[in-house]
There are 2 protein chains.
Amino acid sequence: MKISKLLGERIKDIPSGAVAKSHILLLRAGFIKPVSNGIFTLLPGAQKVSLKIQQIIRNEMNKIDGQEILMPVVMPKELWEKSGRYYSIGSEMVRFKDRNNHDMLLGMTHEESAVHACLNNIKSYDQLPFMIYQLQTKFRDEARPRAGLLRVKEFTMKDGYSFHVNQEDLENYYQKVYDAYVRIYKKIGMKNFVSVSSDSGMMGGERADEFQLLIDAGEDDIVICSECNYKANIEAATSLIDKMQFKDEKLEEIFTGSAKTIEEVCNYLHIPSKQIIKAVCYAIPNDDTDVVICFIRGDREINEAKLKKYIGKDVVVKDLTDSDLVKGNIGCINLNINNATIIYDKSLEGLCGMVTGANKDGFHIKGVNLKRDVNVNDFIDISKVSNDDKCPICGSNLFIKKGIEIGNIFQLGTKYSKPMGLLINMPDGSQINPIMGCYGIGVGRCLAAVVEESSDDKGIIWPISIAPWQVYLCPIKTENINVMTFANNLYERLENKFEVLFDDRNVSAGVKFTDSELIGIPIRIIISPRTLENQQVEIGIRRTNEKVLVDINKIEEKINEIINRLSEMEN
Amino acid sequence: MKISKLLGERIKDIPSGAVAKSHILLLRAGFIKPVSNGIFTLLPGAQKVSLKIQQIIRNEMNKIDGQEILMPVVMPKELWEKSGRYYSIGSEMVRFKDRNNHDMLLGMTHEESAVHACLNNIKSYDQLPFMIYQLQTKFRDEARPRAGLLRVKEFTMKDGYSFHVNQEDLENYYQKVYDAYVRIYKKIGMKNFVSVSSDSGMMGGERADEFQLLIDAGEDDIVICSECNYKANIEAATSLIDKMQFKDEKLEEIFTGSAKTIEEVCNYLHIPSKQIIKAVCYAIPNDDTDVVICFIRGDREINEAKLKKYIGKDVVVKDLTDSDLVKGNIGCINLNINNATIIYDKSLEGLCGMVTGANKDGFHIKGVNLKRDVNVNDFIDISKVSNDDKCPICGSNLFIKKGIEIGNIFQLGTKYSKPMGLLINMPDGSQINPIMGCYGIGVGRCLAAVVEESSDDKGIIWPISIAPWQVYLCPIKTENINVMTFANNLYERLENKFEVLFDDRNVSAGVKFTDSELIGIPIRIIISPRTLENQQVEIGIRRTNEKVLVDINKIEEKINEIINRLSEMEN
C-alpha cells in the first residue's frame with residue numbers, strides 16, 4: 001500500500017472532544033472517522049486490524065469445535081417475545097415497523113436467534129454438545145457512547161452459543177471457552193487482562209465471568225483482593241464491611257431543620273455518616289409498584305446492578321416531586337406508604353443507635369435499633385463495595401482498579417431454550433430443554449483496548465500479530481534518484497512477502513518519522529543516500545526503539561527475525 | 001467436522017412455499033433457516049461458502065488496489081439528506097428514531113457514506129484515483145422477497161466506490177473493475193454469465209452495467225441480439241420496432257359502447273392492437289402533478305424504469321376512481337385536463353389512421369394522424385422491448401432470456417461528490433468534485449445463483465473453489481469395527497490437509513449417499529469392509545460421477561489431483 005493513496009489523513013492536533021488515549025490516537029492516525037454519535041467508519045488501517053482480530057477469534061472458536069453461522073441483524077418481534085426480552089429491554093434496543101407495519105428490531109445479542117436456528121435441526125442428545133458462533137454487526141442504542149471505539153452504538157461482535165444436556169457438560173465447555181478467550185487476548189497482544197465474576201445483566205442466567213483489561217482509562221471498577229484470587233466487577237462484587245456499633249438508646253424524634261443530605265444531617269447532629277440510615281428511592285419503569293425504597297448505611301452507595309438483579313427488573317432513580325415521601329427525611333420508622341417495595345441492605349444488619357428520617361419535614365429519629373424497632377425479613381446485599389471493605393473470601397484488603405471489559409461469558413441455564421420450546425430427546429425417552437452458555441467479544445473494543453495498553457507519547461505500538469502493516473518502508477531525501485529507485489524496487493521485492501506501507505510521499509524526513517510512529521507499524525525501514533552508500537538500510541523496531549543497519553541483501557531475513565522476536569515477546 | 005454435530009438437518013421433502021431450485025436445495029441440504037420473510041440465518045454450510053466467496057471478492061478487489069473499510073449499517077438522516085435520497089427512496093429504506101428522537105436509517109448502499117469517509121481525508125489530485133470497498137450487511141425492505149437467498153431483505157454485500165479526477169480516468173478504472181468481476185464469477189464457478197447495459201435506478205449516474213447469470217429461474221428479462229454484441233436488461237433496452245402504417249383518414253368519433261380494454265376495442269372495431277393509441281396513467285408519489293398520461297401503441301407495454309428515469313421520479317399506476325379521466329376512453333384528442341404530464345412513446349411517431357379514446361364514455365376517435373392532429377414536442381422511448389423487435393445496433397433479431405443479477409457497476413459522475421462538497425485541489429489551483437464509480441456484488445445471491453446453475457436432481461454440486469467442505473468422508477457398514485477404526489484414523493489424517501465432513505452416523509449407506517449428494521460436496525470417499533479388504537477406498541467425484549478405487553496410501557495424492565482437475569474444469 002502506498003501511503004499517498006491511503007484513505008486516512010494523519011492529524012497533528014488532539015481532535016476536539018476526544019479524551020481517551022485510544023480515541024485520540026485512532027483519530028490522529030487516520031484509522032477511524034466519526035459518522036454520528038457512537039457510530040464510526042473504520043478506515044483501511046483499522047479494518048485491517050479488525051480483520052486480523054476476527055481471524056484470531058475465528059481460529060480459536062474453530063479449535064474448540066465452534067461452527068460459524070450468520071444470524072440476521074434485523075429480527076421480527078415474535079422471536080424476542082418468547083424470551084420476554086422484547087419488553088424487558090429498554091430503549092437501547094432499536095425497534096421499528098417494516099413496510100408492512102410489522103414490528104422488527106435490531107438484534108443486540110442473539111440468544112433467541114441461536115435457539116431458533118436449532119429448532120427442527122437439533123433433536124437428539126447425541127447431537128450435543130455443540131457451539132455455534134458468528135462475527136456480526138450489532139447495534140445498541142447506547143445512552144452515552146464515549147471514548148471512540150471503547151463504547152459505541154454499532155460494532156462487530158463475535159457471539160457464540162453452546163448447548164448441553166446437563167450442567168456438568170456446560171461447565172466443561174465453559175472452561176474450554178474461557179481458555180480460548182485467554183489465548184485470543186494473548187494472541188492479539190494484550191498483557192494486563194484478568195477474568196472477574198460479573199453480573200449477568202440482561203442475559204440472565206446463573207454464572208457470568210468477564211474479561212477485563214486493567215488500565216486507568218477503563219470505565220469499569222474491578223474489585224481485586226490483595227491476597228487471594230478474588231476478582232469481581234463492582235456490579236457483582238461482595239465484601240466484608242466493618243460493623244461499627246453505636247450506643248443502644250431509646251427512639252427519640254429530633255429536630256434537624258433544613259438538613260436533608262447525609263452530609264448536612266451529619267454536620268447538624270455531629271455524627272459520622274455510618275450512623276445514618278440512608279434512603280434511596282427508585283421507580284420500576286412500566287410496573288405497578290410506585291416506589292422501591294432502599295435503606296442502606298449512610299456511608300455506602302447502592303449498587304444498582306445488584307438491586308436490579310434482586311428485583312428482576314430495571315430501576316431508575318425516582319423523582320419524588322408530587323410524592324408522599326418527604327425528600328431528605330425518609331425513614332424506616334413510621335413509614336406509611338402503600339404499594340412500595342422496601343429493601344434493607346446488609347450493611348444495616350444488627351445495628352443500633354442509628355439515625356433515620358422521621359418522614360416529616362424538619363425531623364429525624366435517633367436511637368434506631370434495627371432488630372428492636374424495624375420488622376426486616378431479610379437484609380439484602382445491594383451495596384457497592386468500597387475501598388475500605390475486606391475480601392469476602394479471605395478477609396484481606398481489597399483494592400479497586402479500572403478496567404475495560406473485553407469479553408464476557410455466561411452460563412444461561414434454560415432461560416432461552418425453555419420458553420422457545422427447544423426439546424432434546426434423551427436416551428431414556430424423556431425430553432429436556434438444553435442448558436446453554438453464551439460467549440461474547442467485541443472486536444472494535446479489543447482493537448481500542450490494545451491501543452490503550454500498547455502506545456506511547458508518539459503514537460500507537462501495534463502488536464505484530466494484528467498490525468495493519470508489518471513494515472513501514474520509508475525513503476528519505478526522495479529527491480535523490482538512487483533513493484527512490486531503490487525504494488521502489490524494494491517495495492516490489494517486499495510486497496509479496498510482507499504487508500508493507502510504502503511512504504512514497506515527497507515530504508520531509510521529520511514528517512515521515514512522526515507519521516510512522518503515530519501509525520505504529522512494528523518495523524520501519526529507512527532508506528537514505530547515506531545508508532545506500534554502504535549498501536545498507538536502517539531497520540528500526542517501534543516497540544523497543546532498537547535500530548540496526550542491515551545489508552540490502554539481508555532485509556527479508558532481518559524482517560523475519562524481528563517478526564519472530566516480536567511474536568514471542570508480545571504473546 | 002463431524003456430521004453428527006453439524007447444525008443443519010437434511011430434509012427429504014420439498015419445503016412448502018419453496019419454488020426456486022436454489023431455495024429448495026439450500027433448505028433441504030440444511031444450509032439456511034428462514035427467520036422472517038426475506039430474512040435468513042446462514043447455517044454452517046452456507047456460511048462457509050459465503051466466507052469463501054467473500055475471500056475471492058476481497059482478493060480481486062485488493063488486486064486492483066481496493067482498500068477495505070467498514071462503514072456503518074445505521075446512519076443519520078443528515079448524511080442522506082445532502083444527496084436528496086433520504087426523500088427520493090421509498091419504503092424499501094428503513095427509517096427509525098433513536099433514543100434521542102434523532103432520525104436514523106439502515107443503509108441500503110453507501111455512496112453518501114463513502115464520500116463522507118473522504119471528507120478531510122482526500123484533498124489533492126495526486127491522492128486520486130483510489131477505490132474503497134467493504135463487505136457489510138445491507139438491509140432493504142423488499143416489497144416481495146422471494147426464492148430464498150435470491151431476493152432477500154438482509155444480505156452481505158461487497159460495495160466499492162472509486163474516485164477520479166476526470167471521466168477518462170473513471171473509464172479506465174471501470175474497465176479494471178469489470179475485469180475483476182469477470183474473474184470473480186469465474187473463480188466462484190459460474191459459467192453462463194454475461195454483462196448487460198442496465199438502468200442506473202436509484203443510483204443515478206450516466207452509465208451502468210450489470211452482470212447476469214442467464215438461467216431460466218432468473219427474474220430479470222435480458223434482451224440479447226442474435227448477431228452482434230448488444231445485451232441489455234429489459235429496463236434499459238432499446239430496440240427498432242416495426243412501423244406498420246394504416247390508411248390516413250379524417251378524424252371521426254365512433255361509438256364503441258362498453259369496449260374499454262385494448263382487446264375489447266380491437267374486437268369491437270375489428271382492428272389490430274397496433275392501430276390503437278393506448279393510454280396508461282401514473283401518479284408521482286409526493287408530487288404536485290396530478291397525473292402522468294403515457295400514450296403508446298396498443299400492442300406495446302410501458303417500461304416503467306425508462307419512464308421513471310425520464311421523469312426523474314418514482315411513479316405508481318394511477319387509480320382513476322374519482323378522476324376526471326374516463327377509464328378505457330382516454331385519448332390524445334380533446335383531452336382537457338389540468339396539471340398533467342403527457343408523454344408520447346416513440347412507437348407512435350409518424351403514425352396515422354390510429355384509434356384513440358374520445359375522453360367520453362362509449363366513444364373512441366378514429367383516423368388520428370399524430371403529426372396532423374396532435375401537438376407532440378418529443379416522442380420519448382418509454383416502451384418495453386418485445387420479442388418481435390430488432391437490435392438497435394445491427395437490426396438483427398433480438399431474443400429475451402431470463403437472468404439473475406449477480407452484480408452491477410455504475411458510473412456516477414459527481415452526483416454524490418458535488419452535493420456533499422467533496423473538493424479536490426487540482427495542479428492548476430482550481431478545485432473539482434471528483435467523478436465516482438460504484439460497484440456491488442451480493443454475496444448470498446451469488447451463492448444461490450451458483451446453486452441454480454450447478455445442481456442436479458439429487459442436490460447441489462458445489463464448485464471446488466467455494467465448496468463448504470472438499471471431502472465427504474463416508475464409512476458404510478459402521479457396525480464393522482475395522483471400517484470405523486480406519487475411518488476415524490483417516491479423518492484425523494485428512495483433517496489438517498483438507499476440509500472434511502465426516503459422516504460418523506450409524507445410518508444406512510443409502511441415507512449417507514443421499515445426504516452427500518444433496519449437500520453437494522465435490523469429493524466423496526467411501527470406506528466399506530469390501531474396499532478395505534483390498535486396502536482401498538472408493539473415491540467419487542460429484543460433478544462427473546466418476547468413481548475410482550484408490551490405494552489407502554495414495555488418498556491424499558488422489559484428492560489433490562481431483563482438486564486440481566476440478567479447479568481447471570470449473571474456472
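1. Which domains does the domain assignment give for chain A? Chain A divides into domain 1 (25-221 + 402-452), domain 2 (252-380) and domain 3 (464-570). These bounds come from an automatic or database domain assignment. Domain 1 is written as two stretches, 25-221 and 402-452.

2. A word on the basis. This is a predicted model, in which local features need pLDDT of at least 70, side-chain atom pairs count only at pLDDT 80 or more, and totals for chains, interfaces and linings use all residues. Residues are numbered from 1 along each chain as its sequence is written, while chains are lettered from A and ligands numbered from 1 in the order in which they are written.

3. Take the domain 1 to domain 3 contact in chain A. The centres of these domains, taken over C-alpha atoms, are 39 Å apart. Even so, 11 residues of domain 1 of chain A are in contact with 7 residues of domain 3 of chain A. Contact is called when two C-beta atoms, placed from the backbone, lie within 7 Å. On the domain 1 side, α2(A) gives the most, with 5 residues. That side divides into 5 nonpolar, 2 polar and 4 charged residues. Here Ala, Val, Leu, Ile, Met, Phe, Trp, Tyr, Cys and Pro count as nonpolar, Asp, Glu, Lys and Arg as charged, and the others, Gly among them, as polar.

4. Now the interface between the chains. 48 residues of chain A are in contact with 46 residues of chain B. Several elements of chain A each supply at least two residues to its side, including α2 (44-63), α5 (111-118) and β7 (130-139). Strands β1 (32-36), β2 (39-42), β3 (66-68) and β4 (74-76) of chain A are also among them. Helices (H or I, at least four residues) and strands (E, at least two) are DSSP runs, numbered from the N terminus. The chain A side comprises 24 nonpolar, 15 polar and 9 charged residues.

5. How are the two copies related? Two copies of a chain are related by a rotation about an axis and a shift along it. Here a turn of 180° and a shift of 0.0 Å along the axis lay chain A on chain B with an RMSD of 0.1 Å. That is the relation of a two-fold axis. In chain A, the C-alpha nearest the axis belongs to F96(A), 3.0 Å from it. The superposition is by least squares on the C-alpha atoms of residues with pLDDT of at least 70 in both copies. Of the interface residues of chain A, 96% are also interface residues in chain B, so the copies meet through the same surface.

6. Look next at β11 of chain A. Strand β11 (residues 220-225) runs antiparallel to β21 (residues 398-413) of chain A, joined by 6 bridges. In that pairing, V223(A) has I400(A) as its bridge partner. Strand β11(A) also pairs with β12 (residues 231-233) of chain A, in the antiparallel sense over 3 bridges. There I224(A) is matched with K231(A) as bridge partner. A hairpin of 5 residues joins β11(A) to β12(A). Strands count as paired if DSSP finds at least two bridges between them.

7. Chain B offers an open sheet of 3 strands, in the order β13-β19-β18, with antiparallel pairing. Strands β13 (252-255) and β18 (354-357) of chain B stand at the edges, each with a single partner strand, so one side of each is left without a neighbour in the sheet. From one strand to the next, the twist averages 35°. Angles run from 0 to 180 degrees between N-to-C directions, with axes as lines fitted to C-alpha atoms, for helices over the stretch in contact. Strand β13(B) pairs with β19 (residues 363-368) of chain B over 4 bridges. One bridge matches E253(B) with I365(B) in β19(B).

8. Check the backbone at a few places. Most residues other than glycine have a negative phi, and most peptide bonds are trans. The bond from L128(A) to P129(A) is cis, with omega near -10°. In chain B, the bond from L128(B) to P129(B) is cis too, with omega near -5°. P129(A) lies in the loop between α5 and β7 of chain A, and P129(B) in the loop between α5 (111-118) and β7 (130-139) of chain B.

9. Two asparagines of chain A deserve a look. N120(A) has a positive phi of about 70° and is found in the loop between α5 and β7 of chain A. N120(A) is exposed, with 12 other C-beta atoms within 10 Å. N334(A) has a positive phi of about 55° and sits in the loop between β16 (316-317) and β17 (340-345) of chain A. N334(A) is partly exposed, with 13 other C-beta atoms within 10 Å. The cut-offs are 20 or more other C-beta atoms within 10 Å for buried, 12 or fewer for exposed, and partly exposed in between, with C-beta atoms placed from the backbone.
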